[in-house]
Amino acid sequence: MDENLSKQALTELTKAFKALQLETSYKAKRNAAWLKKTLAWCDEHAINLGREGDSKHYYIDRDGIRKLDAKLQSLGYSSLREFQQGTSGDRLDAAKVSPNEKDAKELPTEHLVLAACSDLSMRLAYQSLFQLAESPAQIQIELDIRTLDLASYDYLVVVENRDCFSAWHQYQIPSELANALVVYRGHESHHSKACQTLKAHWFAEKGQHGQVFFGDYDPHGMGLAIDVKAPYQHVLFPDLDWLKCNHVFGHFDESKAYSKRFQHERCPENWLELLDVMYQKEIGLRQQWMFDTQLRLY
């Protein structure tokens, strides 16, 4: 059997441990997944955690939680008294209180975004540092959002797809974005936590100005721009007349239609024509097809 209890189980047991400093028993729901796995773990280690109550509840008692706590400490855990505080940070902090560093609250990429840089002096320095045969056309750099000086940038550009982010230098971007912070949104279905936090910081410091989403011209891409908690002020696409002539019918997915999710009600007014053309003609175009034309801000 796995010697490590789940993170959820340890969190709940920490609550029970603290409550049992004052109470004689702690009531938990019998059908909770964490409790079932914990009781199986206790059986494996000959620990009686408490007693069954009614059909819906199990009562953890002081003696049971103390024996469980002692067993955890023998396996390399800290006391349950200190566990929750020790795992509130990153994995290095969690390793001090748990043999499973993944119990940490923060993920390794919690505060990191991937940023694109095509500055010539930086590319030459990168080439020299890593003894490269050629200077790279673009550098991807992980930035800690807690240390960024957002006042140094005029725009924040968030790119939907990783391959297009890596090829940012190949796009014909408008001159307004010459001093932009360009980041990848992350692998999640919507935006990574770091990207969301960065957008919130930008909004707090700069208000409703300068946030740009560069994604696919299709229902999903437009949905990512419209549905986020911190709204964008711009999307980046080719000229609409160009899109009308260079679209790909297969890039329109009716299953993700914004009208079904009422996105038209939340869409900024200056994007409505983009949506209307997309849905009336059922057309779309992915970022990978936008290299050979000038992009503009909407």
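So, where is Lys199 found? Lys199 sits in helix H8, and that helix is what I'd like to walk you through today. Before we go in, one reminder: what you're looking at is a predicted model.

Okay, the overall picture. The chain has 298 residues, and 45% of them count as buried. Its secondary structure comes to eleven helices and ten strands. If you take the contacts with a separation of 6 or more, 68% of them join residues 24 or more positions apart. As for the outside, the chain exposes about 16,000 Å², with carbon and sulfur atoms supplying 48% of that.

Now, helix H8. It covers residues 193-206, so to speak, a run of 14 residues. From the first C-alpha to the last, H8 reaches 20 Å, close to the 20 Å expected at 1.5 Å a residue. Right after H8 comes Gly207, and its phi is positive, near 70°.

Which residues of H8 are buried? They're Ala194, Cys195, Leu198, Lys199 and Trp202. These residues cover an arc of only 140° around the axis, so they end up on the same side of H8. And what do they pack against? Four strands: S4 (112-117), S6 (155-159), S7 (180-184) and S8 (211-214).

Let's go back to Lys199. Is Lys199 buried or exposed? Lys199 has 3% relative accessibility, and buried means under 20%, so Lys199 counts as buried. Leaving out residues up to four places away in sequence, Lys199 touches Leu156, Val158, His191, Gln211, Val228, Ala230, Pro231 and Tyr232.

A quick word on cysteines. Cys195, one of the buried residues of H8, has a relative accessibility of 0%, so it counts as buried. Cys42 counts as buried too, because its relative accessibility is 1%. And how many disulfides does a search of the whole structure find? Zero.

Last stop: His234. You'll find His234 in strand S9, which takes in residues 234-238. A polar atom of the His234 side chain lies 3.3 Å from the backbone oxygen of Tyr298. Tyr298 also turns up among the residues that His234 touches, again not counting those up to four places away in sequence. The others there are Tyr155, Gly210, Gln211, Val212, Phe213, Trp271 and Leu297. You may remember Gln211 from before: Lys199 touches it, and His234 does as well.

That's my tour, thanks for listening!

Note on methods:
Residues numbered from 1 in each chain as written. Predicted model: local features only at pLDDT ≥ 70, side-chain atom pairs only at ≥ 80, totals over all residues. Heavy atoms only, no water. Helix = DSSP H or I, 4+ residues; strand = E, 2+ residues; numbered from the N terminus. Buried < 20%, exposed > 50% of the residue type's maximum accessible area, 1.4 Å probe, protein only. Contact = heavy atoms within 4.5 Å. Areas by Shrake-Rupley, 256 points an atom, 1.4 Å probe, with all protein chains shown as cover. Disulfide = S-S within 2.5 Å. Polar contact = N/O pair within 3.5 Å; in protein donor to acceptor, adjacent residues only side chain to side chain. Expected span 1.5 Å × (residues − 1). Arc of directions from axis to C-beta.
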